[in-house]
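Let's take a walk through this one, stopping at a helix, a single side chain and a pocket. Have the viewer open as you read.

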Amino acid sequence: SRWCLITSHKLYSSAYDPNEKTFEKLLIANRGEIACRVIKTCKKMGIKTVAIHSDVDANAVHVKMADESVCVGPAPTSKSYLNMDAIMEVIRKTRAQAVSLNVSICCSCFIYRKQKSQSLILSSLSLQASEGVTFIGPDTHAIQAMGDKIESKLLAKNAKVNTIPGFDGVVKDADEAVRIAREIGYPVMIKASAGGGGKGMRIAWDDEETREGFRFSSQEAASSFGDDRLLIEKFIDNPRHIEIQVLADKHGNALWLNERECSIQRRNQKVVEEAPSTFLDPETRRAMGEQAVALAKAVKYSSAGTVEFLVDSSKNFYFLEMNTRLQVEHPVTECITGLDLVQEMIRVAKGYPLRHKQADIPINGWAVECRVYAEDPYKSFGLPSIGKLSQYQEPLHVQNVRVDSGIQQGSDISIYYDPMISKLITYGSNRAEALKRMEEALDNYVIRGVAHNISLLREVIIHPRFVQGDISTKFLPEVYPDGFKGHKLTGLERRELLATAASLYVTEQLRSQRFLGTPRIPIAKSKRSSWELSVRLGDGIYPVAVSKDGSSFSVEVDGMKLNVTSEWNLASPLLSVTIDGTQRTIQRISRNASGETNIQFLGTVYKLQILTKVAAELSKYMPEKAAEDTSSILRSPMPGTVVAVSVKPGDMVSEGQEICVIEAMKMQNSMIAAKTGKVSHLRSLKTICNLSNRIEFK
């Protein structure tokens, strides 16, 4: 085999045999980046593709990439991408021979609906039998067993896989949840039986949190999976989340493809992943891999799948769940093993045996993946953002970078789907090299039109604890106990930012004095070569002296002179600037006539105001606009759907009391009163809310 190399945007993996017969046409029942990922491999294998889409996704990238496309319903996933009847009709209409990925997820999501579970299983099996359609993924019995956390835990115990202590049955109501939690001992984890992706999961540290967690988890589970059953387990404090990629065929062969470290999370959802893990030794890796394979064989698993574990500080590991699909973070495994997992899944579905033995699977280099989301990282480490991507440029010019995305410039990020923009992957011969590439890639990623989490991702990968490998699932709240505030500038970095901003300001001033394509002759030639400026950054105002020599600037800040050079291409969203020999990639996000400018520097956007010395003196006499008093207002922190409103005008409420529940991207959030008072208005509180919706108190 040829092991994986990343050069620009191309992934070179184990060779494909063009003489090996596969499917002629494959229907992709997914959207977004994973649909695009599958289409790329299908093109390589010579397989025609059919994309399904909702009405709002008619112009999506995966629709444009596919050979055929069919609309299957309106925006909500339950009416489109999870609409089994519509998908079955598309299969018949297009005569697709195989269906990739999401039909399996549909079965796992809906399999326990009392009235529909059996018919769904039978419809998928009968479709396979009568129309020759193959599902790319494991067989139905494996999906049923592993798609349910209660049954999967019992099977794991029987397969001698380490499991977390807890209650293995279905929790009936909040009272029973409290009783079980007391028996297990706090803290406990309440989670949806059919769940995944952090949805329907809550940690409870006392009875009150258990009752609240039961309510929200069951509602999220019903909304996301059509199954509100919950289970309760002992919560393992400060664990690592490490998962094993497995690959199995229909001939009894199974492999473990090393591990992925997925401990950097917020709200039980992964943010940064890497392979391999800095924590595992060869013995623990082998033990986890062998248990993962044992579980796969116990359920006669055939396809790619992931067995997830929680690992404590003593390297004891416990089975968490098995995902019967291709995980979001699969690219890091592809990078260190050289396997194209989509290709392997298609081969297995066609009935071919695995081409590799366990001894053939290497750990070649290091790979890191950052999940780039349309989120505001300054709100709970990432509350969803919506909008149109007015400018979008992936950092594919950076060496050893791969970007898996399903969007492009002009795409809309809506409330209906996951807010992921892309998966950004970097590869290196070692971890330090992969992290350095990631830092460079994040600096060169251009995203405009929506809030995004680039600043948080960059801070995580350069943090000393992360660099040392000292991480757990509590990394973010431990490192940022008061919430994420962006990059904290050192004294030198502050001077670099001020010098760069001042140089950029002068460059723009000089450009505005040039007239092209006109015979106008200036009355007097300007020979100005120095400027005295005043720059406001945060709460500080800094005098800055700038002098120009060719394309370079000498800038004096805080009594220190810095030399700033660049090509100063103001039409480019990216500016490469060298400051006293140190190269920085910055982005000028916006500017206005009052001298205010936003500059992305070291991943964080800083607001500055740059004025001449005279203008700065005069600005002291300008009245400042008074800030809005928000102490009596409850405003939604994100766009979403109003699930419930617990108050009406005239009600008395106390501080901390729930006012309403907002659902965004399938996650429910309780909005509480910040003060005691009487509800006076519920303004614009509609089914679909935005940032202008608010409730006011007297």
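**A helix, an aspartate and a pocket**

Keep in mind that this is a predicted model. Start with helix α13, which runs over residues 431–443. Its 13 residues reach 19 Å from the first C-alpha to the last, close to the 18 Å expected at 1.5 Å a residue. At the N-terminal end, Asn430 acts as the cap, with a side-chain oxygen 3.3 Å from the backbone nitrogen of Ala432. Several α13 residues are buried, and they aren't just greasy ones: Arg431, Glu439 and Asp443 are among them, along with Leu435, Met438 and Leu442.

Now hop over to Asp207, found in helix α9 (residues 207–225). Is Asp207 buried or partly exposed? Buried would need under 20% relative accessible area, and Asp207 has 23% relative accessibility, so it counts as partly exposed. Setting aside neighbours within four places in sequence, Asp207 is in contact with Val178, Arg182 and Tyr186. With Tyr186 there is a side-chain to side-chain polar contact at 2.6 Å. Asp175 sits 32 residues away along the chain, yet its C-alpha is 9.3 Å from that of Asp207.

Last stop: the second largest pocket, with a volume of about 790 Å³. Its lining takes in 25 residues, and Arg536, Ile541, Gln609, Leu611 and Ser619 lie nearest the centre. Strands β26 (530–537), β27 (540–549) and β33 (604–612), plus helix α18 (613–619), each give two or more residues to that lining. The largest share, 5 residues, comes from β27. As for chemistry, the lining mixes 11 nonpolar, 5 polar and 9 charged residues.

Technical notes. Residues are numbered from 1 along each chain as its sequence is written. This is a predicted model: local features need pLDDT of at least 70, side-chain atom pairs count only at pLDDT 80 or more; totals for chains, interfaces and linings use all residues. Side-chain values use heavy atoms; hydrogens and water are left out. On a 1 Å grid over the protein atoms alone, a cavity is a set of points where a 1.4 Å probe fits but cannot get out, and a pocket is an open set with protein on both sides within 12 Å along at least five of seven lines; lining residues have an atom within 4 Å of a point. Grid points are joined across faces, edges and corners, and a volume is the space filled by probe spheres set on the points. Helices (H or I, at least four residues) and strands (E, at least two) are DSSP runs, numbered from the N terminus. Ala, Val, Leu, Ile, Met, Phe, Trp, Tyr, Cys and Pro count as nonpolar, Asp, Glu, Lys and Arg as charged, and the others, Gly among them, as polar. The expected span of a helix is 1.5 Å times one less than its number of residues. Buried means under 20% relative accessible area, exposed over 50%, partly exposed in between (1.4 Å probe, protein chains only). A polar contact is a pair of N or O atoms within 3.5 Å; within protein, one must be able to donate a hydrogen and the other to accept it, and residues adjacent in sequence count only if both atoms are side-chain atoms. Contact means heavy atoms within 4.5 Å.
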